[in-house]
Structures are given as C-alpha cells and as structure tokens.
Amino acid sequence: MWRCHYCRLPLSLEMQAKHTLCPGCSTDLHSCKNCVHFAENETTACKEPESPWVSDRLANNECPFFEFRSSHAPSPNQSQEASPTEAEKAKQAFKALFRNLD
C-alpha cells in the first residue's frame, strides 16, 4: 500500500503512474519526500549516490531513481510507533497547509 507523504491518503498504482497531484492534499506525488531513497539526515537528502541534485524536495521531479515509498517503510520524520500523536498530526496538517509559501 502506498500513501501520500503529507496527508497519508492511500494511493492507487494508476495515480502514481500519472505523476499527478495527490487528490487529498494536492502535493506532487513524484517528489523526493515520497521516494524510498529520501533521507533527510543525508547530506544530499538522498540515499542513492548517483541521483541528480534536486533543489526542491517537495516539488515534482524527473529523478530516474524514484521509487514510491511503501506505507510499510517508515517516513524519516516518524518513529517506529504505531500512530502519530495528535500534536504530530496537527504539525503535519499545518505544514501541508502552508507548504507553497516558501
């Protein structure tokens, strides 16, 4: 099962193949934050050493190494806990609301 990085909406294979926006929060699906190689703690924010530099990790990109992150793979901001707390959910919703103001 695949989910959007921001709103955690379940995504079908067809939605991923179209490289479209998430129907739940309108974020780009083909972005670094939805990739299995994304690692915020890495210098380049990517575990793939041959990946091209992407300046905006939230925007749509054409990285040839992109693989959609499975919902079973933990996101870099989540711990191994079963579900995020209410405060974490509120922070994620706030970030999703103001993500395009940078």
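## Exercises on a predicted fold

The protein exposes about 6,900 Å², and carbon and sulfur atoms supply 55% of that area (Shrake-Rupley method, 1.4 Å probe). This is a predicted model, where local features need pLDDT of at least 70, side-chain atom pairs count only at pLDDT 80 or more, and totals for chains, interfaces and linings use all residues. Residues are numbered from 1 along each chain as its sequence is written, and side-chain values use heavy atoms, with hydrogens and water left out.

**Exercise 1.** Work out the order of the secondary structure elements from the N terminus on.

*Solution.* Start with the tally: two helices and two strands (DSSP runs, H or I of at least four residues for helices, E of at least two for strands). Then read along the chain, and you get β-β-α-α.

**Exercise 2.** Place Arg-8 and Ala-45, and say whether each is buried, partly exposed or exposed.

*Solution.* Take Arg-8 to begin with: it sits in the loop between strand E1 (2-3) and strand E2 (10-11). Its phi is near 65 degrees, positive in a residue other than glycine. With a relative accessible area of 23%, Arg-8 is partly exposed (buried is under 20%, exposed over 50%, partly exposed in between, with a 1.4 Å probe and protein chains only).

Now Ala-45, in the loop between H1 and helix H2 (86-97). Ala-45 also has a positive phi of about 65 degrees although it isn't a glycine. Its relative accessibility is 13%, so Ala-45 counts as buried.

**Exercise 3.** Find what Met-15 touches beyond four places in sequence.

*Solution.* Locate Met-15 in helix H1 (residues 13-17). Next, list its partners: Pro-10, Thr-20, Pro-23 and Leu-29 (contact means heavy atoms within 4.5 Å). For Leu-29, 14 residues along the chain from Met-15, the C-alpha separation is 8.4 Å. Met-15 counts as partly exposed because its relative accessibility is 23%.

**Exercise 4.** Which residues make up the largest nonpolar core?

*Solution.* Look for buried Ala, Val, Leu, Ile, Met, Phe, Trp, Tyr and Cys residues joined through side-chain atoms within 4.5 Å. The largest such set has 10 residues: Cys-4, Tyr-6, Leu-11, Cys-22, Cys-25, Leu-29, Cys-35, Phe-66, Phe-68 and Ala-96. Then zoom in on Leu-11: leaving aside neighbours within four places in sequence, its contacts include Cys-4, Cys-22, Leu-29 and Phe-68. As background, nonpolar side chains tend to be buried together in soluble globular proteins. Finally, for the whole protein, 31% of the 102 residues count as buried.
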